[in-house]
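Colleague: Hi! Could you walk me through this model, one question at a time?

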Amino acid sequence: MQTAVRAKHLQQAIDGGALAPAADTLAGLPAQDAAAVLEAMERKSRTIAFRLLPKDRAVRVFDHLDPDVQAELVATLGTADVAEAFDHLEPDDRAELLD
């Protein structure tokens with residue numbers, strides 16, 4: 001299934017309140033594919049979808065996201081989530097996000 005189609009299905013699931021199926025969809029994708037799907041989604045749904053990921057998986061997916069999307073997520077997530085994500089980043093990646 002193409003990234004855009006997956007993103008649309010995931011967004012519809014989230015918009016319809018079907019969070020468990022949305023989480024299952026993301027869980028079944030390799031981290032790089034999950035990142036591509038998140039990047040294709042609207043901002044609000046993307047943030048919700050990212051929050052559905054278990055923390056260890058979220059870190060792996062976050063590493064594959066475009067820096068602009070990473071920055072957007074950092075801006076929209078709670079500070080505890082941000083701190084944990086930052087703890088798992090390489091120093092150069094942290095610096096890039098803060099620039």
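Modeller: Gladly, and A13 is a good place to begin. Leaving aside neighbours within four places in sequence, A13 is in contact with A18 and A22. Please keep in mind that this is a predicted model.

Colleague: Thanks! Which helix does A13 lie in, and is A13 buried or exposed?

Modeller: A13 belongs to helix α1. Its relative accessible area is 18%, and the cut-off for buried is under 20%. A13 therefore counts as buried.

Colleague: How far is the C-alpha atom of A13 from that of A49?

Modeller: Along the chain, A13 and A49 are 36 residues apart. In space, the separation of their C-alpha atoms is 9.9 Å.

Colleague: Let's turn to the helices. How are α1 and α2 oriented to each other?

Modeller: Helix α1 covers residues 3-15 and helix α2 covers residues 19-27, and their axes are 8 Å apart. The angle between them is about 155 degrees, and angles over 145 count as roughly antiparallel. The crossing of α1 and α2 is left-handed. As for orientation, α1 and α2 are therefore roughly antiparallel.

Colleague: Which residues make that contact of α1 with α2, and how many of them are charged?

Modeller: From α1 come L10, A13 and I14, while α2 brings L19, A22, T25 and L26. Sorted by class, the contact of α1 with α2 has six nonpolar residues and one polar residue. The number of charged residues there is zero, as the contact has no charged residues.

Colleague: And how is α1 oriented to α4?

Modeller: The axes of α1 and α4 lie 10 Å apart, at an angle of about 85 degrees. The range that counts as roughly perpendicular is 65 to 115 degrees. That makes α1 and α4 roughly perpendicular.

Colleague: Which residues meet there, and what is the split by class?

Modeller: On the α1 side are L10, Q11, I14 and D15, and they meet S45, I48, A49 and L52 of α4. The split for this contact of α1 with α4 is five nonpolar, two polar and one charged.

Colleague: I48 caught my eye. Is I48 buried or partly exposed?

Modeller: I48 lies in helix α4 and, leaving aside neighbours within four places in sequence, is in contact with I14 and L19. The C-alpha atoms of I48 and L38, 10 residues apart along the chain, are separated by 9.9 Å. Its relative accessibility is 30%, and buried would need a value under 20%. I48 therefore counts as partly exposed.

Colleague: What about α4 and α6, how are they oriented?

Modeller: These two helices pack with their axes 10 Å apart and at an angle of about 75 degrees. Since 65 to 115 degrees is the range for roughly perpendicular, α4 is roughly perpendicular to α6.

Colleague: How many charged residues does the contact of α4 with α6 have?

Modeller: R43, R46, T47 and F50 of α4 meet V69, E72, L73 and T76 of α6. By class, the contact of α4 with α6 also has three nonpolar and two polar residues. The count of charged residues in this contact is three.

Colleague: Which residues does E72 touch, and is E72 buried or exposed?

Modeller: E72 lies in helix α6, which spans residues 67-76. Not counting residues up to four places away in sequence, E72 touches R43 and R46. Its relative accessibility is 16%, against a limit of 20% for buried. E72 therefore counts as buried.

Colleague: Which helix gives the most to the largest nonpolar core?

Modeller: That core has 23 residues, of which L10, L38, M41, F50 and L65 touch the most other members. Helices α1, α2, α3, α4, α5 and α6 each supply at least two residues of this core. The helix that gives the most, with five residues, is α3.

Colleague: L10 keeps coming up! What is L10 in contact with?

Modeller: Neighbours within four places in sequence are set aside here. The contacts of L10 are then A22, T25, L26, V37, M41 and A49.

Colleague: Last one: how many helices does the chain have, and what percentage of its residues is buried?

Modeller: The chain has eight helices and zero strands, in the pattern α-α-α-α-α-α-α-α. Among contacts with a separation of 6 or more, residues 24 or more positions apart account for 63%. Of the 99 residues of the chain, the buried share is 36%.

Note on methods:
Residues are numbered from 1 along each chain as its sequence is written. This is a predicted model: local features need pLDDT of at least 70, side-chain atom pairs count only at pLDDT 80 or more; totals for chains, interfaces and linings use all residues. Side-chain values use heavy atoms; hydrogens and water are left out. Axes are lines fitted to C-alpha atoms, for helices over the stretch in contact, and angles run from 0 to 180 degrees between N-to-C directions. Helices (H or I, at least four residues) and strands (E, at least two) are DSSP runs, numbered from the N terminus. Angles under 35 degrees count as roughly parallel, over 145 as roughly antiparallel, 65 to 115 as roughly perpendicular and the rest as oblique. A crossing is left-handed if the near helix is turned anticlockwise from the far one by less than a right angle, and right-handed if clockwise. Contact means heavy atoms within 4.5 Å. Ala, Val, Leu, Ile, Met, Phe, Trp, Tyr, Cys and Pro count as nonpolar, Asp, Glu, Lys and Arg as charged, and the others, Gly among them, as polar. Buried means under 20% relative accessible area, exposed over 50%, partly exposed in between (1.4 Å probe, protein chains only). A nonpolar core is a set of buried Ala, Val, Leu, Ile, Met, Phe, Trp, Tyr and Cys residues joined through side-chain atoms within 4.5 Å.
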